[in-house]
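Dear colleague,

I am passing on to you the structure we spoke about, and you will find it just below. After it I have set out what was found, beginning with a single residue and then moving outward to the whole chain.

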Amino acid sequence: GDASGIQSPLSFGGFGALIRHLPRLQSAIDDALTSDLLERDDLALINAYQPSLSGAWLFQRAMSIPKGAHPPPTFINNLLGTNFGVMEKLGDGVLRPFLQDVIQFGPLARTLLNMAVSNPPLTARIVYEVGPSPILDWVRHFAAMGAFSALDGSVGAGMKQLASDETNMLSERQRFVLRRVEEQWRYGSGLDYHC
């Protein structure tokens, strides 16, 4: 499962989660080859920053015990039990994407809020175990995930349409960039996933 390194540092869906990127990757690679956009900067757009992936590391970090740390023996079980209990109560729209390595802003925000309300001591323990500095860094990715979700929802479809219209004044490279940015927002927010 964890062989799908493009997907996340903590993999529940593994190979299946990686499969969701194949249409995006195939299309982008074909686009780059067809348009002769093979420079480093062009190809970097194919696998650009995705905050939903960067946000996934908090779960991995909370469940790994660094050398010399001594969390309570029940910490990870409490974390998993609370997390999955909350997700189960929130329904399939929250649980299924998470189990398939798709982290989305809305479901994650609801899960974290419900975890904090249902088990405040666990929330404090997570902050203690992970540390405030890494959590503040994670908040940056979480905020970016929210921004990507808003951008994809508000202008993503229009960008996709503009990029596919070959009658406009955009160059091939500009259309390529627009397609990659739209994909970055969609996949980076987890909004490519549909239950």
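Ser 189 makes a good starting point: its relative accessibility is 0%, so it counts as buried. Please keep in mind throughout that this is a predicted model, and that what follows describes that model.

In the chain, Ser 189 belongs to the segment that comes after H10. If we leave aside the neighbours within four places in sequence, the residues in contact with Ser 189 are Ser 52, Ile 103, Gln 104, Phe 105, Met 145, Phe 148, Ser 149, Asp 152 and Gln 184. Gly 146 is also worth finding on your screen, as 43 residues in sequence separate it from Ser 189, while the C-alpha atoms of the two are 7.2 Å apart in space.

For the overall picture, the protein chain has ten helices and zero strands, so that, when read from the N terminus, its elements run α-α-α-α-α-α-α-α-α-α. Its C-alpha atoms fill a box of roughly 60 × 30 × 30 Å along the principal axes. The chain has 195 residues, of which 44% count as buried, and its accessible surface comes to about 10500 Å², with 61% of that belonging to carbon and sulfur atoms. Among the contacts with a separation of 6 or more, 70% are accounted for by residues 24 or more positions apart.

How do H4 and H5 meet? Two packed helices are described by the distance between their axes and by the angle between those axes. For helix H4 (residues 51–63) and helix H5 (residues 75–90), the axes come within 9 Å and cross at roughly 145 degrees. On the H4 side the contact is made by Phe 59, Ala 62 and Met 63, and on the H5 side by Phe 75, Ile 76, Leu 79, Leu 80 and Asn 83. Sorted by class, this contact of H4 with H5 has seven nonpolar residues, one polar residue and no charged ones.

Turning to charged pairs, the structure holds ten salt bridges. One of them joins the side chains of Asp 31 and Arg 179, at 2.7 Å from N to O. Because Asp 31 lies in helix H2 (residues 22–35) and Arg 179 in helix H10 (residues 172–188), this pair ties together parts that are 148 residues apart in sequence. Asp 31 and Arg 179 are both buried.

A second pair, Glu 183 and Arg 180, meets through its side chains in a salt bridge of 2.9 Å, again from N to O. These two residues are three apart in helix H10, which means that about one helical turn separates them, and both Glu 183 and Arg 180 are buried. Through salt bridges that share partners, Asp 31, Glu 172, Arg 175, Arg 179, Arg 180 and Glu 183 are joined into one network.

Another salt bridge, in helix H8 (residues 120–130), pairs Arg 125 with Glu 129, and its N to O distance is 2.6 Å. Arg 125 and Glu 129 are four residues apart, so about one helical turn lies between them. Arg 125 is partly exposed, with a relative accessible area of 26%, whereas Glu 129, at 19%, counts as buried because the cut-off for that class is under 20%.

Two aspartates deserve a careful look at the backbone. Asp 36, although not a glycine, has a positive phi of about 55 degrees, and Asp 101, likewise not a glycine, has a positive phi of about 60 degrees. Asp 36 is found in the loop between H2 and H3, while Asp 101 is found in the loop between helix H6 (92–99) and helix H7 (105–118). Are these residues buried or exposed? Asp 36 has 61% relative accessibility and so counts as exposed, whereas Asp 101, at 4%, counts as buried.

Finally, on the surface, Ile 29, Leu 33, Leu 38 and Leu 43 form a nonpolar patch that has about 360 Å² of accessible area in total. One of its members, Leu 43, is found in helix H3 (residues 40–44), and with a relative accessibility of 39% Leu 43 counts as partly exposed.

With best wishes

How values were computed. Residues numbered from 1 in each chain as written. Predicted model: local features only at pLDDT ≥ 70, side-chain atom pairs only at ≥ 80, totals over all residues. Heavy atoms only, no water. Patch = residues over 30% accessible without salt bridge, like charges linked within 9 Å, V, L, I, M, F, W, Y side chains within 5 Å. Areas by Shrake-Rupley, 256 points an atom, 1.4 Å probe, with all protein chains shown as cover. Salt bridge = Lys/Arg side-chain N within 4 Å of Asp/Glu carboxyl O. Buried < 20%, exposed > 50% of the residue type's maximum accessible area, 1.4 Å probe, protein only. Axes fitted to C-alpha atoms, helices over the stretch in contact; angles between N-to-C directions. Contact = heavy atoms within 4.5 Å. Nonpolar A, V, L, I, M, F, W, Y, C, P; charged D, E, K, R; others polar.
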